[in-house]
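Here are my notes on this model, set out as numbered points. Please keep the structure open while you read.

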Amino acid sequence: MMKPLCIIVGFGSGVGLGIARAFGNAGFQLGLIARNPSKYADAIASLTEAGINATSVAADVSDERALERAIANIQQQGTVEVLIYNAVSSTFGKPTTLTATQLAQDFAVNAIGALVAAKAVLPAMRSQGRGSLLLTGGGWAHYPWDEASSISIGKAGLRSLTLTLAQELAGTGVRVGMLSIMGQVAPNTPFAPDKIGAAFLDLYQQPTDEFQPETLFHGVS
């Protein structure tokens, strides 16, 4: 029997790897999209060594066509059961220190890429009447910080996209949910990547009648 397929857009050696481990160990085959997968060769190898079926594809998520091609490549393996959008770009600094180009480039990764990715998998999800779109949110969407103005704007945009997609897709069988990480990600802390990965899997496994479009993750001791 073919394993269900999970695409992770924005794979890396932190939260992305934590999510990949959680879903891979739960029986998913994985499609991993990163700007430069070779940078994470050790992380990908660790998945393979653990018996997880993982394929990596290179794409700049701010490039609409490149992201669409990467997802189409992975979809050749089967119908996507879960899409997780974990990409992030952050130019730190107060709002007036940013150029319009810097803000636009970050926003393309932080929010627009999520819409592109969702639209790439939605036709198949709609046709089968099921699927999950999960997104990595952050505390800065709720508590913006001037020194991180770009990512604060990006996460706020991503949160609004999540909530409006959830409204649009209500009743279709496709669920949309955001896990908002309300603390600093670091190993051996309540916000360790593997704990975040487990929280994403818990979110996916929630019964549909209990599913909420946003879950605030305050860490696990």
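Which residue in β5 does Tyr85 stand opposite?

1. **A pair across two strands.** Tyr85 stands opposite Leu135 in β5. Bear in mind from the start that this is a predicted model. The pair belongs to a wider link: strand β5 covers residues 131-138, and four bridges join β4 to β5. These two strands run parallel.

2. **The other neighbour of β4.** Strand β4 spans residues 80-85. It also pairs with strand β1, residues 5-9, over five bridges. That pairing is parallel too. For one example, find Cys6: its bridge partner in β4 is Val82. Now check how covered β4 is. Six of its six residues are buried.

3. **From strand to helix to strand.** Follow the chain through β4, helix α4 and β5. Helix α4 takes in residues 100-128. Together the three elements make a β-α-β unit, and the unit is right-handed.

4. **Two residues of α4.** Is Asn110 buried or exposed? Asn110 has a relative accessible area of 1%, so this residue counts as buried. Its place is in helix α4. Leaving out residues up to four places away in sequence, Asn110 touches Tyr85, Ala87, Val88, Ser89, Ser150, Ile151, Gly154 and Leu158. Tyr85, from point 1, is one of these contacts. Now look at Lys119, which is also in helix α4. Lys119 counts as exposed because its relative accessibility is 56%, and the cut-off for exposed is over 50%. Lys119 and Gly14 are 105 residues apart along the chain. Their C-alpha atoms are separated by 26 Å.

5. **A cavity beside the unit.** How many cavities of 30 Å³ or more does a search of the whole structure find? The search finds one. The volume of the largest cavity is about 30 Å³. Its lining is made of Leu83, Tyr85, Ala114, Ala118, Leu133, Leu134, Leu135 and Leu165. Both members of the pair in point 1, Tyr85 and Leu135, are in that list. β4, α4 and β5 each supply at least two lining residues. The largest share comes from β5, with three residues.

6. **The largest pocket.** This pocket holds about 1,000 Å³ of space. There are 38 residues in its lining, and the closest to its centre are Asn86, Ala87, Val88, Ser89 and Ile151. Four residues named here, Ala87, Val88, Ser89 and Ile151, are also touched by Asn110. Several elements supply at least two lining residues each: α1 (15-25), β2, α4, β5 and α5 (149-169). Which element gives the most to this lining? That is β5, with three residues.

7. **Gln29 in β2.** Gln29 lies in strand β2, residues 29-34. Its relative accessibility is 8%, so Gln29 counts as buried. A polar atom of the Gln29 side chain lies 3.1 Å from the backbone oxygen of Lys3. Beyond residues up to four places away in sequence, Gln29 touches Met2, Lys3, Pro4, Leu5, Cys6, Asn53 and Gln77. Cys6 appears here as well as in point 2.

8. **Gly197 in α6.** Helix α6 holds Gly197. Gly197 has 0% relative accessibility and therefore counts as buried. Where do its contacts lie? Setting aside neighbours within four places in sequence, Gly197 is in contact with Gly18, Ile19 and Ala22. Gly197 and Gly16 are 181 residues apart in sequence. In space, they are 7.8 Å apart, C-alpha to C-alpha.

9. **A backbone angle to check.** Most residues other than glycine have a negative phi. Asn188 has a positive one, near 60°. Asn188 sits in the loop between β6 (174-181) and α6 (193-205). Is Asn188 buried or exposed? Asn188 is exposed, because its relative accessible area is 81%.

Technical notes:
Residues numbered from 1 in each chain as written. Predicted model: local features only at pLDDT ≥ 70, side-chain atom pairs only at ≥ 80, totals over all residues. Heavy atoms only, no water. Buried < 20%, exposed > 50% of the residue type's maximum accessible area, 1.4 Å probe, protein only. Pairing = 2+ DSSP bridges. Right-handed = clockwise from strand over helix to strand, strands pointing away. Polar contact = N/O pair within 3.5 Å; in protein donor to acceptor, adjacent residues only side chain to side chain. Contact = heavy atoms within 4.5 Å. 1 Å grid on protein atoms, 1.4 Å probe; cavity = no way out; pocket = protein on both sides within 12 Å on 5 of 7 lines; lining within 4 Å. Points joined across faces, edges and corners; volume = space filled by probe spheres on them.
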